[in-house]
Amino acid sequence: MLKALKLEPQHCTGCMQCEMACSYENEGVFNPAKSRIKVFTFHEAGRFAPYTCTQCEEAWCMHACPVEAITLNAQTGAKEVADAVCVGCKVCTIACPFGTVNYNQATGKVIKCDLCGGDPWCAKACPTGAITWTDADQTGFQRMYAWAQQSPAGEASYILPQKKDPAAYGPSA
Amino acid sequence: MDHVIVGAGPAGIIAAETLRKHDTDCGITIIGDEPEPPYSRMAIPYLLAKQIDEAGTYLRKHDRHFDELGIEIVRDRVTGVDATANSLALESGASRGFDKLLIATGSRPATPPIDGVASPGVLPCWTLCDARRIIEWARPGAEVVLIGAGFIGCIILEALATRGATLTVVESADRMVARMMNATSANLIRKWCEHKGVTVHTGATVTAIEQGRAGGTLAVALDNGTTLNANLVITATGVNPNIEFLDGSGIDTAQGMRVNNQLQSSVADIYAAGDVAEGIDFSTGGHAVHAIQPTAAEHGRIAASNMAGHTSRYHGSVIMNVLDTMGLISSSFGLWDGADGGDATELVDPARYRYLNLQFEDDRLVGANSLGVTEHIGVIRGLIQTRVKLGKWKDKLMQDPTRVMEAYVARTQAIGYNAHVL
Amino acid sequence: MSWTKNVLRVDLTSRNVNREPLNMEWAQEYLGQRGLATRYLVEEVDPMVDALSPDNKLILTTGPLTGTMASTGGRYSVVTKSPLTGAVACSNSGGYIGAELKAAGWDMIIVEGSAPSPVYLYLENDHAELVDAGEIWGTSVWATDQWLHTRYQDPLLRIACVGRAAEQGCLYAGVINDLYRAAGRSGVGTVMASKNLKAVACRGTLGVGNIKDPARFLTATAQGKQVLAENAVTGQGLPTYGTQVLMNVINEMGALPTRNMREVQFEGAHKISGEAMHEPRATDGKPNLTTNAACFGCTIACGRISTMDQGHFTIEHKPQYWGASGGLEYEAAWALGTDTGVDDLEALTYANYLCNEDGFDPISFGSTVAAAMELYGMGVITTEDTGGVDFSFGSAKALARAAEMTATGEGFGKVLGMGSRRLCEKYGHPDLSMTVKSQEFPAYDPRGIQGMGLAYATSNRGACHLRGYTVASEVLGIPEKTDPLVTEGKAELVKAFQDATAAVDSSGLCIFTTFAWTLDDIAPQIDAACEGDWNMDKLLEVGERIWNLERDFNLRAGLTGKDDTLPKRLRKEAANVGPAKGMVNELEQMLPRYYEIRGWTPDGTITEETRTRLGL
C-alpha cells in the first residue's frame, strides 16, 4: 500500500528533530536551514506546525519544470528533483502553491522533499508522533480538519514523547 | 480520434502526453518547425552559461520517449487553417486533417523598428539556433549591447558576463523589468547590475545600428546622444503570439488566440494553449496572454483533457515570474501593481538587496513583488490562487510581510483551527 | 569533531570583530560551553576586576553537541564574572539561539570592552557586525525581538538580548533568548548591558556537520532518546507538568521554603502547582497551561506555554499579555509564589511574563521580594519605601507591582533590583537575606534535604540548584535513593553531582536529561561526535577540573572558605512542620569531608597536589 507523510501539528513541540534529520539525511549536515520540512512556530497561540511537500496529485512543480528534472517516483509517490538535470530556473519554486520547493543558491538547484526514497527521516526522528509515515488513505487534510474541530478549544495539551526502538532512527538497512 | 498539435514547446508536449493518458488509442501528431527535438527556451540561459549542453535543454530526456507514447513528431510549418474542413495547410505543400486541433505555436520575439536591426551581429535570444550564434559572437572581451531590459534581457546577463563579455543594457522604459517589477525593486536590480559592472541606460531608445569604424563592430546610436560600440547586439524587446497563420480562418484572435475556460477557441474543435493563447487571467477575470512556463503547462494539460472529452474547466492563470539577474532573484505574482482600493505593504532593505511587497484586496492576497527572498516563495501563488481569507493574519502581514508562509500554514492547516486563536 | 573551531572576538571599545581559532588543547581538557568558556575567562580576565567595568568579558558559548541531533542539543551558556556575587557566573539557556550560533559557525563569542553608545551584534554566518542600537535601547526584550525581526525581515532570526532591568542596573538581570528562554542567573545580563551591548541577533545556515563518526552518533543519540522516552520523569512527568511536577512533591516532604524560608511547607502550594496549571479556571473555564514546548533538539519538551485569564486584575487592560507565552517553571513558581506567600497562579504567571519581557531572574527577584516582605512585616520597610504598596506576605498586588517596578527600575524597583543581600544590608538585617555568596536560594529547603545545604554552600556561583542537584538522589532516587534527612555520604554525593553537572553543562546538552541519563548514556554521544576519547571517567575528570577552575577563579576574586556557608536561619531555625520538623541544616558535618575529598585544605583552598592532578 502506498504510504504518505502524515502531519499532525497538534502533536508538535517545536523540537526541530525532523529538520535536523532531514538535513542530515539529504545534505549530510545538521542544518534546519537546509531542511525540506519546516516547523512553524505560532508563539501567541502556543502552537507549532511541521510542514512539507504533500506530494500532491497536481504536482505543480513537476509539470512546470521545463527540463523534466522533477519526476514521479512510482514506488513512493514522491516527486523527485534530479540534480543533474535541474538547471536552476526556479520556475517550480513559484509554481508550487504550497511553498515547499526551495532554491538553494549554494548549489544552483532546487530542493524539495523526496520522502527519503520511501523511508522518511523526519518521521523516524519525530519524538511525539506529529510526523508519521502511514497508509496514504489516512492522511487527507479533511481528516486533520475533522480531528482539529473535535479538539475542545482551550484544553491544555501536553505532548508526550513516544517510546521508539532506537533502531527506528538508524540508517535503513 | 485524430489529434493534431501545432507547436512542440512545453504546452504542445504536455498536451500530447496528457492526451495519451486519457486515450491509449487515439492518433497524436505534433507539428513543429524547428529541427531539434522538443526543447525548452527557459533553459537557454543555462546553455549560454555553459551549465548544460544542448541536450540539457530538451523537454524530454529519453530518446524514444515520444515513440514509446505513440506520439508522432512532424517537422513542418503550418501556413493556414481551414476551420470548416478541419484541415491544415503545410509549408511542405501537403495538407493535414484533424478531428481536434491544438494550436500551441507559442510566440516569437518582436523585432524593434530600428534602422540596421537586420545587420549581421544583431540577434534575438529565443531559439537554440539564436543561442549558437550568440555563443559564437559573445567571445571574451566582446562588447555586447542588449536592447531591452525585460525578463529575457536580464536573465541572460549572467551567462554573457560568464563568457567574458562587457555588457550594456538599453531600455526604453523608465526602469528595468518594468512589466514585472515595481520601481523600488527594479531600481535595486539596476543598482545590483551596475555594481556587477553592467552599464544600464533606461528611458533611452536605440535609433540606429550601423557598421562601426573598426572592422566588424557595430555602432549603436541612442536617442540620448550616446553611441555605443558593439560586437554583438541582442534584441529582447518582448514577444508576440504566433497567430498570423490564422488570418482568414475565422478563429477569433485579439492579442493572441481567444479561448474560453476550457481552452477552446471560437471554433469547437480547435483549442489553444501556452504563449499563443489569450486565456482567462485569474486575477482580473478578463483575457490576457500569459507567456510563462507554468501557464503553458497548465494550458496544455487542460486543453488536452477537454480535447479527449473529459470536461475540465480552468480558473485562469496567475501571471507570475521568477527572475535571476546575475544572482539577484526577483519574483512577481498577480496584481503586483495593486488592486483598486486594496491595501499594500512593503519592506525595503536596500543594503541587503531584499524587498517584499504584498498587495491585498480586502483580506486576500492578490499580488506581490519580491527581491532576494526565495524561501517558500510559491506560497504567494497559493494564497492568491486559493483566495485564502487571511483574517487576522492580514494585519500581521501588513506589519511583517515576511511571515507569509506562516500565514498560509496558519490559515490552511488544522493548526489554524485548533486553538481558535489564530 | 563537532566544534566549529571558530571563536568570534568582539571588541566593543574599538568596534572590531575578529575570528580566531578555538584552542583545541583546552577543548580536550574542558570540552566546551561552561568549561571551555571559563577557561578563556580565567585566562583573560583578572578575577579582581569590577564585574561591570569594561575589563570584564562576556562569553556566549555553545557546546560540541549544540546544534546536533542529540536530544536537548540546543544549549548555550553565558559566562562572565558576576556583578551579583563577585564570583564566576555561568548561566545556561535553551531555546533556539545556541543552535543558531553553532549553525552560523561559532563555538564561542567573546565580548570585551564597552561600546561608547548602545550597539547590537548582528551575525549571519561568518558575517559579523556591530550595529547602532539607539532605537532599541530603553525598550524591553520583547520589543527588541520584534524590532530586530522587522529590521531584518527574517522570521528565523534568533535573538538574545537584555531588557530594561539590565539597563537599569538590576544585579540579577539575565540574557533572554527566543522571547522566554533565559540565561537567567547571577546577573549575566547586567554585564551585557554594562557593555552597552543590547542584543545578539543571529542567523546561521551553515549547520553542524563535522561529526566524528556519524553512524555511531545517530545510534548513540537514538539510544539516548529512547532512554528519555521510557523514563517516568523525562518521558511523562516533565512533558506533562514541567518542572512544576515538583511543587506538591517537595511541599509534602516539608522542603518547600516558604515566606522567605521561614517555613518549609506552603498551604497554597496546590493552587500554584503543575497540576493546578492544568485545571480549568473558575473565571473563564480555561486552564493556565496551553501546551508544553521543546527547546531546540529536545525530545522531553518540559517547557510551559501559558495563556492568562484576560480578566485577571494584572492584565485586564493590557491586551499585549493576552496571547500565549512562556509559563511558570518550578523555580519561578516557587520564588514568585511560595517564597512570597502568593497563591494566585495568574499573578505569578504575570510576574513571570515580566521577568521574561524585561529580562530579570525570577528566582532572585522573588526571593528579594520575599525578604522585603519580611522586613515590611517587621515594620522596617514601610509604604514610604515601597511607593505606597502594601508589601505584606501573600499580596499578589505587591508581587505584580514589584515586578513592574523592577522591570523598569522605577521607584522601589531600583532597591529590589539590588538583590536580597544588598536590600537586607541596606535595611540593617543582613541575616534575613536568604543567599549564599549574595545569590538567592532556589526552591529546595536544605533543612529537609540535607545534601542541598552543602550543594548551596559550595556552589561556585552562589546558591543554586543547578550546580549539584542532589534532589535527584535525595528525593527522586536518581540514580539511587539517599535519605534526605541524613548528612552521611552527602559530601561524596554533592561532589559527584557537581562534577557530572559541570561536564554535562559543557557538552551542549540539558541537565534535565540526567533525570534519565547517567554519564554512561552521555559519553557515547560525545565520543561519537568529538575527536578524542570521551568516556565516563574522562567526563568526570573534566567536570572536576572545571569545578576546581571555577573555584580557583573565585578564590582569586577574594572569596574564601568562609563564604561556603548558609544563612543563619537555615542553620539555627528548625523546620516547623513536616518530616524535617525540628531539623536545621547540618552543614558543618558535611563541609570538612567535602573539602577533604575535593583535595582542598581545611580552609577551602585548592592544594598544589590537586592542581597538579587536574593540570590547573
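**Charged and aromatic contacts in a predicted model**

Trainee: In this predicted model, is C:Asp499 buried or exposed?
Mentor: The relative accessible area of C:Asp499 is 2%. The cut-off for burial is under 20%, so C:Asp499 counts as buried.

Trainee: Which residue forms a salt bridge with C:Asp499?
Mentor: The closest N and O atoms of the pair are 2.8 Å apart. C:Asp499 belongs to helix α20 (residues 490-504) of chain C, and its partner, 99 residues away, to helix α24 (residues 587-598) of chain C. The partner is likewise buried, with a relative accessible area of 0%. The residue is C:Arg598.

Trainee: C:Lys318 and C:Glu404 also meet in a salt bridge; which of the two counts as buried?
Mentor: This bridge, at 3.2 Å from N to O, joins the loop between β14 and β15 of chain C to helix α15 (residues 396-408) of chain C. C:Lys318 has a relative accessible area of 25% and is therefore partly exposed. At 18%, the residue that counts as buried is C:Glu404.

Trainee: Where in chain B does the salt-bridge partner of A:Lys90 lie?
Mentor: A:Lys90 pairs with B:Asp324 at 3.0 Å, N to O, and both residues are buried. The pair crosses between chains, starting from the loop between β5 (79-81) and α3 of chain A. B:Asp324 lies in strand β22 (residues 320-325).

Trainee: How many salt bridges are found across the interface of chain A and chain B?
Mentor: The contact takes 44 residues from chain A and 52 residues from chain B, with a buried area of about 4000 Å². A:Lys38 forms a salt bridge with B:Glu375, at 3.2 Å between the closest N and O atoms, and A:Lys90 forms one with B:Asp324. The number across this interface is two.

Trainee: Which element gives the most residues to the side of chain A that touches chain B?
Mentor: Between chain A and chain B, 10 residue pairs are in polar contact. Elements giving two or more residues to this side of chain A include β2 (38-42), β3 (47-51) and α5 (141-150). With five residues, the leading contributor is α5(A).

Trainee: What is the angle between the ring planes of C:Tyr321 and C:Tyr353?
Mentor: An aromatic pair is described by the distance of the centres and the angle of the planes. Here the centres are 6.5 Å apart, and both C:Tyr321 and C:Tyr353 are buried. The pair counts as stacked, which requires planes under 30 degrees apart; the angle is 20 degrees.

Terms used:
Residues numbered from 1 in each chain as written. Chains lettered and ligands numbered in written order. Predicted model: local features only at pLDDT ≥ 70, side-chain atom pairs only at ≥ 80, totals over all residues. Heavy atoms only, no water. Phe/Tyr/Trp six-rings, centres within 6.5 Å; stacked < 30°, edge-to-face > 60°. Buried < 20%, exposed > 50% of the residue type's maximum accessible area, 1.4 Å probe, protein only. Contact = heavy atoms within 4.5 Å. Buried area = accessible area lost by both parts, 1.4 Å probe. Salt bridge = Lys/Arg side-chain N within 4 Å of Asp/Glu carboxyl O. Polar contact = N/O pair within 3.5 Å; in protein donor to acceptor, adjacent residues only side chain to side chain. Helix = DSSP H or I, 4+ residues; strand = E, 2+ residues; numbered from the N terminus.
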